[in-house]
Amino acid sequence: MLTNCTERFLRILTLTLALSLTAGPTFGCGLFVRDDDNGNGNNGDNGDNGDNGDNGDNGDNGENGDDLTLYDIRDPARRAHLDTLSGLTVEGVIVTAVRTYSHEGSDRYDIFVQEPGGGAYSAIMLWSSGVPADPGDILTVTGDYDSYFDMDQLRAVTFQTTGTAPVPEPELFQDPSELATGGSASYSHQSVLVQVTDVSVTEERFLGSDDRWHGDFQVDGGLVVGPLFRHDYRDPRDGDQFTSLTGVLNYSFDNSRLQPRKNEDMVFIDGTIPGEPGEPSDSTIADVRMNRPSSPVTVEGIVTARRSRGPRYDLWIQSENAGPWDGIMVHNADTDAEPGDHIEITASYDEYWGLDQLTSVTAVTVISSGDVPEPMPVDPATIATGSDDALAYQSLLIRVTDVTVTEFPVQDDDAIWEGDFRVSDGLVIGTYFWHDYDAPTVGDEFQSITGVLRYAFDQYRLEPRFNDDIVFADGTSPGNGTEPVEPTDATIAQVRTEQPSDPVTVEGIITARRTRGARYDLWIQSADPGPWDGIMVHNADTNAEPGDHIEVTGSYDEHWGQAQLTSVASVTVISSGEVPNPLLVDSSTIATGSDDAFSHQSLLLRVEDVSVTEFPVQNDDANWDGDFKVTGGLIIGTRFDHDYDGPSVDDQFQSITGVLRYAFDQYRLEPRSNADIVFADGTSPSGE
């Protein structure tokens, strides 16, 4: 921080000139000093601050005319006097932090901006912009104010970059409890760049409201420090000490969180920062897992399994003559090492939501190649969720014998793990790797099931690596030992209503597709569709496109209420043409709770003359941010890419088109592109 009043004055004066404020205020000495009574960062009288009054009511803002500031938007007392909370424009705010993330295949940006004067109510987050910005950019911003789960933000933002300036110095808080949840400054300083000093970790695994660990930890004063931005302090330890922690303050999942923007925002008591290179320590896998030595570490192990992550791999390794604690997962390694290779690896230890792993891999050396070790025989109860011993067996290659399917499907909060089933003694068998046992039946018996033990979504799962890891009671494995079954020819409606024996072959025209890496989910329907004539094709290995008339062979499945064809054996393009016109329906007919919604699943539908009635839609699925509800109770989703990401209640539409999808206990009409959304004036979202 700046250390004297003159220096501060000169710095702000320089910034004021850069902003070209023709009637800008002058600044007193209290600019970056926290106001103890939680006022406007001592921006209350702000020296004399020209004619800016006491900056408390900001009625005509002194000599600044009617210029709107973030103080006006964020301070509840001032906000109450605004005529509207839509289309608000502020000028001369400075970007302090930018969070980049991917949404439906496109880069999105949460941008934190702050008034140059700092203090209470001086900052806000610009939510989900499709346009990037850089820290230090000076912006003119237009957007709609919203308090999303108590986090103030501007949505539907547009902005212009008018210059650059130094990022404001963080505001120093001697007492971190003032920023902590419920603290005196926790609301007024949302999105403000702040700093706390001389603090220690008091809780190394601060659990979220879902009772999971997301990387948060807690320091003195009850202040939670979060991982919203990318930094390398990923293994907090009780007692770790910091000279300073800097970041923007945000609010999410019922807690205020200080969010460091980068490694340099976290300064340890010895003056170092996370991610600075150090000499790796030689360790065994068991030593790493039980003692968590300082990173980086170098260990040796034999690869027992690997799974592609594009050009990189996740590896599972274990020590020779492995016992408990001797296995670990290696995350996202740039290597061609294969199962059976004896490797040396240098990386950092991390515990990711309960799964021990080596990450930030800097080196993988293949020492020798050979056979994969024999799996360790273990009783299924020993490694099932809830067992005190399961943690010790994580990532080891394990075999259980003489087990029977007791439950299918396994119900949990993770829709991705379709195909999971439970066997004797409560052990869950997963589908993280590729195998063809995708239709378990309660009572199916196995000589043995082999796999690596993995923890995800609050469950331990034994993950078979391929078909041969699953051995039925008769000695066969999936994909062998049985005569192939001739598929049944059927219409989509017959499959949906009569559910003939698998496999089935149907014809349909593709109306939508969505990438799943190298494969696709397809939505198909009959040429002249009515109710029951649409179905989703899950994870198909094909380049078929919307408009193509295809023949599909697969198995029918109703996955958590969504009718689909899965285990797709073949897709043949019969001809190519146009996507059929959507079927016009009343929005209430396909809304959640309607008796007719199920029969309209996966059809291409259109609703007309509807308005936004609710945003955001509250449900138990955090991924569907952007969902909104329209007339008739119909939810409009964001499964595909479109740029209507800032809905406002009463927005009106000529029409909305999409495929009808069921997920997380809700029906959603899913527009495929901007063109599927037509506003009342005949325009569509532009993405600009």
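## Rings, charges and a hairpin

R496 lies over the face of F598, 4.8 Å from the ring centre. That is a good place to start a walk through this structure, which is a predicted model. A similar arrangement involves R454, whose charged end sits over the ring of Y432 at 3.6 Å from the ring centre.

### Aromatic pairs

Rings also meet other rings here: the count comes to 25 aromatic pairs. One of them joins F217 and Y233, with ring centres 5.2 Å apart and planes at 80°, so this pair is edge-to-face. Where do the two partners lie? F217 belongs to strand β8 (residues 217-219), while Y233 is in the loop between β9 (223-225) and β10 (241-252), so the pair ties together parts that are 16 residues apart in sequence. F217 has a relative accessibility of 1% and therefore counts as buried. Y233, at 7% relative accessibility, counts as buried too.

Another pair brings together Y437 and F446; their ring centres are 5.5 Å apart and their planes stand at 85°, so this one is edge-to-face as well. Are Y437 and F446 buried or exposed? Both are buried.

The two pairs are set out here for easy reference.

| Pair | Centre distance | Angle between planes |
|---|---|---|
| F217 and Y233 | 5.2 Å | 80° |
| Y437 and F446 | 5.5 Å | 85° |

F217 and Y233 have further company: ring pairs link them with F242 and F268 into a cluster.

### A hairpin to look at

If you turn to strands β4 (residues 137-148) and β5 (residues 151-164), you will find them running antiparallel and joined by 11 bridges. Within this pairing, V141 stands opposite F159 in β5. How many residues lie between β4 and β5 in their hairpin? There are two, and F149 in the turn has a positive phi of about 50°. As general background for reading any such strand, side chains in a regular strand alternate between the two faces of the sheet.

### The whole chain

Stepping back, the protein chain has six helices and 38 strands. Of its 688 residues, 53% are buried. Among contacts with a separation of 6 or more, 58% come from residues 24 or more positions apart. The accessible surface of the chain comes to about 29500 Å², and carbon and sulfur atoms account for 45% of that surface.

Terms used. Residues numbered from 1 in each chain as written. Predicted model: local features only at pLDDT ≥ 70, side-chain atom pairs only at ≥ 80, totals over all residues. Heavy atoms only, no water. Pairing = 2+ DSSP bridges. Helix = DSSP H or I, 4+ residues; strand = E, 2+ residues; numbered from the N terminus. Buried < 20%, exposed > 50% of the residue type's maximum accessible area, 1.4 Å probe, protein only. Contact = heavy atoms within 4.5 Å. Areas by Shrake-Rupley, 256 points an atom, 1.4 Å probe, with all protein chains shown as cover. Phe/Tyr/Trp six-rings, centres within 6.5 Å; stacked < 30°, edge-to-face > 60°. Lys NZ or Arg CZ within 6 Å of the ring centre and 35° of its normal.
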